[in-house]
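Here are my notes for you, as numbered points you can check against the model as you read. Please have the viewer open.

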Amino acid sequence: MRRYGKNPDEDDIRTRPNPKGNRPRTNIRPKHEDASQGMVLTVDRGRITCLVEDRPVIAMKARELGRKAAVVGDEVDLVGDLSGRKDTLARIVRIGKRRSVLRRTADDDDPYERVVVANADQLAVVTALADPEPRPRLIDRCLVAAYDGGLEPLLVLTKSDLAPPDALLETYRPLGIRYVVTRRDELESGDAADRVRDYLDGRVTAFVGHSGVGKTTLVNALVPDDRRRVTGHVNAVTGRGRHTTTSALALPLAKGDGWVIDTPGIRSFGLHHVDPSRVILAFPDLVPGTEGCPRACGHDEPDCALDDWVAEGHADPARLYSLRRLLATRERREGD
């Protein structure tokens, strides 16, 4: 049966807006003025858990955001069902400007940059003094990433009952980094958490460290309501731990006003994304000495003006050595 008359030019014939039969595309996007603000707590296979007011809300990223990914610590705007009830899903329509970022690549020759945490105030680098042995080059890499991303570093040294901290602390003393030293019994009793908490109150702190150093145990003590309490054990053959944290997770600090972000245990920390010229900014006492440097100076070259400037007594030579050690670690692999 004919739907229209015999004349194909009749006015009642419906026409499609375009050949594909869908709505014409437009660059105009909704403003979502009624969106609610939230903070990203964790990301798992495209599902993003956000804190909206005082409740967790599961959300997904809006298509209009394109390839921009939401990461733990991001401040976001959400629309949709924000009740937090089971089987509900909200939509993230905006990601706020990031004040700081912790980034890494899989290796130094990997061009793919991955943002691990956003908007953290400081980076707590957790390392054991023994069992497993400390890896200074990996610590250096974490420090470079912290300085590059705008985070203040904090050294947390564990298992001091197995080895003294003096030699390792002396290596980083010229950098002026704050530090906390703990023993195994303090880690298990919670006393270590009480001392570390003094450095966390009122701040957002990302924790990094390779497996087996006690990072997850410490985080669990700082956030006793955390459900992830299973800690790993050090492999007697490799000296490395077993990963117990599989995705970054933001947790409210107990007995204080702050946030702890637990990240997966790391075995490498690529710095392909770091511009060496930005590392000098973490050494404000050395910056004036770079005025006489040649253009695009990497500050570890024979004609770098910092050598003469420091030799004239304007800064501590140990500071220049520390800067160049950090710059050099970008060119080495973590196991070196």
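1. I began with the salt bridge at Asp262, where the residue has a relative accessible area of 0% and is therefore buried (buried means under 20% relative accessible area, exposed over 50%, partly exposed in between, with a 1.4 Å probe and protein chains only). Its partner Lys215 is buried too, at 5%. The two side chains meet in a salt bridge with 2.6 Å from N to O (a side-chain nitrogen of Lys or Arg within 4 Å of a carboxyl oxygen of Asp or Glu). This pair links distant parts of the chain: Lys215 belongs to helix α5 (residues 215–222) and Asp262 to strand β13 (residues 259–262), 47 residues apart. Helices (H or I, at least four residues) and strands (E, at least two) are DSSP runs, numbered from the N terminus.

2. A word on the basis of all this: the model is predicted, so local features need pLDDT of at least 70 and side-chain atom pairs count only at pLDDT 80 or more, while totals for chains, interfaces and linings use all residues. Residues are numbered from 1 along each chain as its sequence is written, and side-chain values use heavy atoms, with hydrogens and water left out.

3. How many salt bridges does the structure hold? The count is 21. Another one joins Asp148 to Arg103, with the closest N and O atoms 2.5 Å apart. Here, too, distant parts of the chain are linked, since Asp148 sits in helix α1 and Arg103 in strand β6 (residues 101–104), 45 residues apart. Asp148 is buried at 13% relative accessibility, and Arg103 is buried at 14%.

4. Please also look at Arg183, Asp185, Glu186 and Arg195, which are linked in a network of salt bridges. Within it, Glu186 pairs with Arg183, the closest N and O atoms being 3.5 Å apart. Glu186 is buried, with a relative accessible area of 10%, whereas Arg183 is partly exposed at 35%.

5. Helix α1 deserves its own point. Its 14 residues should span 20 Å at 1.5 Å a residue, and the end C-alpha atoms are 20 Å apart, which agrees (the expected span is 1.5 Å times one less than the number of residues). The helix is mostly covered, with 13 of its 14 residues buried. Gly150 follows α1 and has a positive phi, near 85°.

6. Is there enclosed space inside? A search of the whole structure finds 1 cavity of 30 Å³ or more, and about 50 Å³ of space lies in the largest cavity. On a 1 Å grid over the protein atoms alone, a cavity is a set of points where a 1.4 Å probe fits but cannot get out, and lining residues have an atom within 4 Å of a point. Grid points are joined across faces, edges and corners, and the volume is the space filled by probe spheres set on the points.

7. Which residues line the largest cavity? They are Val125, Val126, Thr127, Arg135, Leu138, Ile139, Cys142, Gly209, His210 and Ile266. The elements giving two or more residues to this lining are β8 (122–128) and α1 (136–149). The lining divides into 6 nonpolar, 3 polar and 1 charged (Ala, Val, Leu, Ile, Met, Phe, Trp, Tyr, Cys and Pro count as nonpolar, Asp, Glu, Lys and Arg as charged, and the others, Gly among them, as polar).

8. Lastly, Val287 lies in the loop between α6 (276–279) and α7 (306–311). Val287 is partly exposed, at 31% relative accessible area. Val287 and Leu306 are 19 residues apart in sequence and 8.9 Å apart in space, C-alpha to C-alpha.

Methods
On a 1 Å grid over the protein atoms alone, a cavity is a set of points where a 1.4 Å probe fits but cannot get out, and a pocket is an open set with protein on both sides within 12 Å along at least five of seven lines; lining residues have an atom within 4 Å of a point.
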